Amino acid sequence: MVEDSVLLLRAQAGEMAAFEQLVERHQHKVFAMTARMLRSDDDAAEVVQEAFLAAYKKLPEFRGESAFGSWVYRIAANYALMRLRHRKVTAQVEEPEGGPEFNERGSLIDEVADWSPNAEGQTLDAELRNAIDEASAKLPEEYRQVFLLRDVEGLSYEEIATATGDSVPAIKSRLHRARLSLRAAIDRFYADRAS
Amino acid sequence: MSATSTCQDCIDLLLDYVDGELPADTKAKLDEHFHGCQPCEDFLATYQATSTLCRRSLAKKMPDSVAAKLHDFLRHEISKDRDGER
Ligand SMILES: [Zn+2]
């Protein structure tokens, strides 16, 4: 397979077919991210178009310090965040629900079941998938975005900070809260199933 | 943090612990707590598994119709762009 960097040089030289190949290679990941962020396949389809067109127009400026994939990814994340900002009418100050409880000495109160081996299993249970879908949809927006960008999409804290305009400590704190909330949801799922 | 750390101390610092971002002495205290506290050890394992499970669970593929539209859109826009340059 021809490497992205080679296709990129050809695309920069004006070869449309090379650019199209790059698009085909990265469109699924970019679409998946924007669809999750925007919770709408239609909006995601538009953002993907905007992002790849913007990437095409910026091709001459692209120096290849980063991979083409992560570059386009960041462009798309920015477009998606811009849309979300427009959508947001009322500011939420909610906090995610769920998280561990401690006694007055700071010890965990509840028993903790270790279901972590399931994370590496071959296929994911459809019901578990649903439970995770629902739990992530319930997270307050700012928590959900950070969680998706970091844990699902694998962006760095700095990249998220650039995209959202928030500080790295704020991002980390939200990510931690989001993980605790999702962990609690998955924990409930396994507890319900066992009972 | 005091000499002995509680479950709560450890769980508050879990993100930096998992990222490997804690100062060595703080990390050593957490390691010590985890070794002596089964609930926290299990909590740590499930905290890490949460990211993995969510990443796998939220995977999504672009529908073919959307891919076809993207292809047409880019062809159209780019040819317009190129004509404009001439
Ligand atoms: Zn503990």
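Which residues coordinate the zinc ion? In this predicted model, the ion is held by C7(B), C37(B) and C40(B) through their SG atoms and by H33(B) through NE2, at distances of 2.0 to 2.4 Å. The angles subtended by the four donor atoms run from 103 to 114°, and the arrangement is therefore tetrahedral. Along the sequence, the donor residues follow the spacing C-x25-H-x3-C-x2-C.

The surroundings of the donor residues were examined next. C7(B) has a relative accessibility of 4% and so counts as buried. H33(B) and C37(B) are likewise buried. A further cysteine of chain B, C10(B), is buried with a relative accessible area of 0%. The cysteine sulfur closest to that of C10(B) belongs to C40(B), one of the zinc donors. The two sulfur atoms lie 5.3 Å apart, which is too far for a bond, because a disulfide requires a pair of cysteine sulfur atoms within 2.5 Å. Over all chains, the structure contains zero disulfides.

The overall form of chain B was then considered. Its secondary structure consists of five helices and zero strands, giving the pattern α-α-α-α-α when read along the sequence. Chain B has a radius of gyration of 25 Å, well over the 12 Å given by the globule rule for 86 residues, and is therefore more spread out than a compact globule. Taken along the principal axes, the box filled by the C-alpha atoms of chain B is roughly 75 × 30 × 15 Å. Of the 86 residues in chain B, 41% count as buried. Where contacts in chain B link residues at least 6 apart in sequence, 54% of them join residues at least 24 apart. The area exposed by chain B is about 4800 Å², of which carbon and sulfur atoms supply 48%.

In chain A, one leucine was examined individually. L84(A) is located in helix α4, which spans residues 68-87 of that chain. With a relative accessibility of 8%, L84(A) counts as buried. Leaving aside residues up to four places away in sequence, L84(A) touches M37(A), L38(A), E141(A) and Q145(A). One of these partners, Q145(A), is 61 residues from L84(A) in sequence, while the C-alpha atoms of the two residues are 9.9 Å apart in space.

Note on methods. Residues numbered from 1 in each chain as written. Chains lettered and ligands numbered in written order. Predicted model: local features only at pLDDT ≥ 70, side-chain atom pairs only at ≥ 80, totals over all residues. Heavy atoms only, no water. Donors = N, O, S within 2.8 Å, 3.2 Å for Na, K, Ca; no water. Tetrahedral: all angles 85-135°; square planar, octahedral: opposite > 155°, others 65-115°. Buried < 20%, exposed > 50% of the residue type's maximum accessible area, 1.4 Å probe, protein only. Helix = DSSP H or I, 4+ residues; strand = E, 2+ residues; numbered from the N terminus. Contact = heavy atoms within 4.5 Å. Rg over C-alpha atoms; globule rule 2.2 N^0.38 Å. Areas by Shrake-Rupley, 256 points an atom, 1.4 Å probe, with all protein chains shown as cover.
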